[in-house]
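Colleague: Please take a close look at the sheet in this predicted model. I should like a connected account of how its strands pair and what packs on them.

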Amino acid sequence: MVKIEAIIRQNKLEDVQEVLNDLNVSGMTVLDVRGMGRQKGVTHTYRGSQYTMSLTPKVMLILVVLESEVDSIVAAIQEAASTGEVGDGKIFVSQVDQAVRIRTNERGDVVLH
Ligand SMILES: Nc1ncnc2c1ncn2[C@@H]1O[C@H](COP(=O)(O)OP(=O)(O)OP(=O)(O)O)[C@@H](O)[C@H]1O
Ligand SMILES: [Mg+2]
């Protein structure tokens, strides 16, 4: 099992949801977050000679999926979330050791579908 964490623009959420629905994703978690990338936020505020980094509102999607689904899901999110401008976001992929469906006590891959 693999965890996909995608940080995207707020106004791209619906487009991304649509492609994920087409791919039959079985579940996801969506969070309102704030963050910065290498531009450290768009507007820089001078405080004397120092910059204050600004945190931009973003949306984060967390999905745990089967190994076999990772590539297509990452590609779909990337395409749907892209504008080509700075601040389009990032996708992080990591391994997941275990999953439990609380109601049934099922474990592992079966929990995902
Ligand atoms: N290294 C990181 N770790 C965790 N979150 C990050 C990281 N880099 C970016 N993010 C998150 O992704 C959001 C968007 O980042 P952003 O797309 O601006 O990255 P970037 O590296 O500056 O790329 P670009 O040059 O395309 O803007 C940030 O607001 C932050 O929430
Ligand atoms: Mg950036």
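Modeller: Leu31 has Met60 as its bridge partner in E5. That pair belongs to the contact between strand E2, residues 29–35, and E5, where seven bridges hold an antiparallel arrangement. Thr29 likewise faces a residue of E5, standing opposite Ile62.

E5, which spans residues 56–65, is also joined to strand E1, residues 2–8. Here too the two strands run antiparallel, and the bridges number seven. Within this pairing, Ala6 is set opposite Leu61 of E5. As a general matter, strands of a sheet pair through backbone hydrogen bonds, in either a parallel or an antiparallel sense.

Taken as a whole, the sheet is open and has four strands in the order E2-E5-E1-E6, paired antiparallel. Its edges are E2 and strand E6, residues 90–95, each of which pairs on one side only. From one strand to the next, the twist averages 25°.

Two helices remain to be placed against these strands. Helix H2, made up of residues 70–81, packs on the sheet and touches E1, E5 and E6. The direction of H2 makes about 5° with that of E1. Helix H1, residues 13–22, lies across E1, E2 and E5, and H1 runs at about 10° to E5. E5 thus appears in the contacts of H1 and in those of H2, as does E1. The edge strands are divided between the helices: E2 is listed with H1, and E6 with H2.

Conventions:
Residues are numbered from 1 along each chain as its sequence is written. Chains are lettered from A and ligands numbered from 1 in the order in which they are written. This is a predicted model: local features need pLDDT of at least 70, side-chain atom pairs count only at pLDDT 80 or more; totals for chains, interfaces and linings use all residues. Side-chain values use heavy atoms; hydrogens and water are left out. Two strands pair if DSSP finds at least two bridges between them. Axes are lines fitted to C-alpha atoms, for helices over the stretch in contact, and angles run from 0 to 180 degrees between N-to-C directions. Contact means heavy atoms within 4.5 Å.
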